[in-house]
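Please open the structure in your viewer and keep the sequence panel visible. This tour proposes a series of selections and describes what is found at each.

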Amino acid sequence: MTDSLITVKNVSRKFSIRKGLRSIEFYALKDINLEIPKSSIIGLVGESGSGKTTLGKITLALLKPTVGEVLYEGKDIFKLAKKKEYRRLFQYIPQDPYASLNPFKTVKQLLMEPTLYHKLARDKHEAMEIIHELMTNVGLTPPERYLNFYSPQLSGGERQRINIARALVVKPTYVVADEPTTMLDASLKSGIMSTLRDAIIKTNISLVFITHEISLMQFFGPNPTVAVMYLGKIMEQGTLKDLLSEPLHPYTRALMHAMPVADPKYRTERSILLKEAPPPSPINRPPGCPLSDRCPFAFDPCNKEEPALKNISSTHRVACYLY
Ligand code: SF4
């Protein structure tokens, strides 16, 4: 029996945009394979346009791939997601804490309604016990202070704690947190990261954490798997320790360049700068390796054919002709 919760198989996703009279198609994701084991934490790291949010939404059955399939415990996730008993198992924590909560509902309503709808409590009294415990776990204490507030009465950090509580109150098995600290002040980031980590660790939930800051993955310790994405491809994948101690792909090494490192033993001298070039865009992807126009090591084969992901060890793989 597999311990894989979600399996992403050969997934590509195309979008199209209109430019004048023309419609231009482009790949937001290209040929992605990813295993998300049960009770695991996986980071999807990359800059804007890397496809990380598209991949996160596809694994939640919120977006269909153009090609490929996504399996939940071996079954088609898009068929399962149509059933109410499965829908609650896949939850999304959005980036924007200001736009994601209904401003006309109190905190109590926001948490009570899904609890009762999914029959996770026998009655309102039991639902309140669940809500109290969860609010305490996400740092909204004492809960009574917040229950009758509407979201506009809360700070950005408090709203994001409510979003975490809303995702967890329905007892999911799989959560995607999409840059949940990006819109918060730096002073609030660490509190939200610790809250999310502690809440996830208390459960058997699998978490995909989407971020453009690889340094944030350090909140989850050295063992989570991190997939570094660029222009819709996974460029390198390994444990956080693999990537921090031995980053191989030139793009990963560039991400390291400005990264603050909490533990000096992970400090690397392998960080590099990429060549100056226009910002990457999936609409203007270069031929061959997606990084070929910015990579200081590009050589003959790089702009001809895309390199495939190659295993370097049992946990570490990289898509680059240098390896
Ligand atoms: S395949 Fe070539 S262009 Fe791409 S990252 Fe490796 S060396 Fe650079």
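**Stop one: helix α4**

Begin by selecting helix α4, residues 107–117, where Val107, Leu110, Leu111, Met112, Pro114 and Thr115 are buried. Please bear in mind throughout that the model is predicted. Next, add α5 (124–137) and α6 (156–169) to the selection: the buried residues of α4 pack against these two helices. Then proceed to lysine 119, which follows α4 and has a positive phi, near 55°.

**Stop two: glycine 43**

Now select strand β3, which covers residues 41–45, and locate glycine 43 within the strand. Is glycine 43 buried or exposed? Its relative accessibility is 0%, and a residue counts as buried under 20%, so glycine 43 is buried.

Which residues does glycine 43 touch, when neighbours within four places in sequence are left aside? Display Phe209, Met217, Thr225, Val226 and Ala227, each of which is in contact with glycine 43. Afterwards, select proline 282, which lies 239 residues from glycine 43 along the chain. A distance drawn between the C-alpha atoms of glycine 43 and proline 282 should read 21 Å.

**Stop three: two cysteines**

Select cysteine 289, which counts as buried because its relative accessibility is 10%. Continue to cysteine 320, which is also buried, with a relative accessible area of 13%. A disulfide is a covalent bond that joins the sulfur atoms of two cysteines. How many disulfides does the structure hold? The number is 0.

Methods: Residues numbered from 1 in each chain as written. Predicted model: local features only at pLDDT ≥ 70, side-chain atom pairs only at ≥ 80, totals over all residues. Heavy atoms only, no water. Helix = DSSP H or I, 4+ residues; strand = E, 2+ residues; numbered from the N terminus. Buried < 20%, exposed > 50% of the residue type's maximum accessible area, 1.4 Å probe, protein only. Contact = heavy atoms within 4.5 Å. Disulfide = S-S within 2.5 Å.
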